[in-house]
Amino acid sequence: MTFIGRLTDMQLLSSPTSPYARKCRALIIEKGLERDIDVVNTPPLDDPAALLSVNPLGKVPALIRKSGPALIDSPLICEYIDTLNDERWIPERAESRILVLRQQAIAAGLMDLTIGRRIELNRPANRRYRQWIDRWEAGIARTLAMLESERGQFERSVDHGALSIAVALSYLDLRYAELDWRSAHPALASFHERWSARESFTQTEPPAV
Ligand SMILES: N[C@@H](CCC(=O)N[C@@H](CS)C(=O)NCC(=O)O)C(=O)O
């Protein structure tokens, strides 16, 4: 008999540089669910049929489940992943839940700004809009300042809010390395360093670009 490996129940369509997908991949590892969810490399810009058939928005991540429709949008996917075993990374109720979801939303916004800036910078020089680049950069600076001042709410937490913020900070290193955010935000840098040492982060490190 040939061993063909375990057939997993679910597939996460993902790309190695997507911070939204990395958030889901890190959560899968933290919760010990690697054997239940296959991570499938699916470059969204190639418009692969497998992605478009489950997510007409053409974005990764998307989670294909054995029963029930595929899930899209990383907050929803993470919410679902968190229900798959008892170790909750998103509190089930009350203010602690709202705070973790708020942290995830701030992290997602930071990812959005970083991507918006990169898209603008990737245009030919004569078609770049300085006003948009300035706007995205100002938003990133304000968000970092807010995270630094609010760090007491998450810096010692091991939950999905802290994980999301750490992933967003890593994405700054990938796409906006020249910012050198650590110099102005040493406490955030220490927070990020602790998360970067976790297996969920070392195993999902994006390739150097
Ligand atoms: N809000 C979405 C954002 C997903 C997203 O923008 N993914 C990017 C990769 S980082 C993508 O697939 N982009 C392709 C496109 O926009 O066409 C989430 O949280 O999952």
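Two strands are taken to pair if DSSP finds at least two bridges between them, and the legends below use the word in that sense for this predicted model.

**View 1. The four-stranded sheet and its edges.** The strands form an open sheet in the order β2-β1-β3-β4, and the pairing within this sheet is mixed. Strands β2 (37–41) and β4 (71–72) each have a single partner strand and stand at the edges, so one side of each is left without a neighbour in the sheet.

**View 2. The parallel pairing of β1 with β2.** Strand β1, which spans residues 10–14, pairs with β2 in the parallel sense, and five bridges join the two strands. Among the bridge partners, M10 is matched with I37 of β2, while Q11 is matched with D38 of that strand.

**View 3. The antiparallel pairing of β1 with β3.** Three bridges connect β1 with strand β3 (residues 62–64), and here the pairing is antiparallel. One of the residues involved is L13, whose bridge partner in β3 is A62. In a regular strand the side chains alternate between the two faces of the sheet.

**View 4. Helix α1 and the β-α-β unit.** Helix α1, made up of residues 19–30, lies across β1 and β2, and the helix runs at about 145 degrees to β1. Together, β1, α1 and β2 make a β-α-β unit that is right-handed, and the two strands of this unit are those that pair in the parallel sense over five bridges.

Notes
Residues are numbered from 1 along each chain as its sequence is written. This is a predicted model: local features need pLDDT of at least 70, side-chain atom pairs count only at pLDDT 80 or more; totals for chains, interfaces and linings use all residues. Two residues are in contact if their C-beta atoms, placed from the backbone, lie within 7 Å. Axes are lines fitted to C-alpha atoms, for helices over the stretch in contact, and angles run from 0 to 180 degrees between N-to-C directions. A crossover is right-handed if, with the strands pointing away from the viewer, the path from the first strand over the helix to the second runs clockwise.
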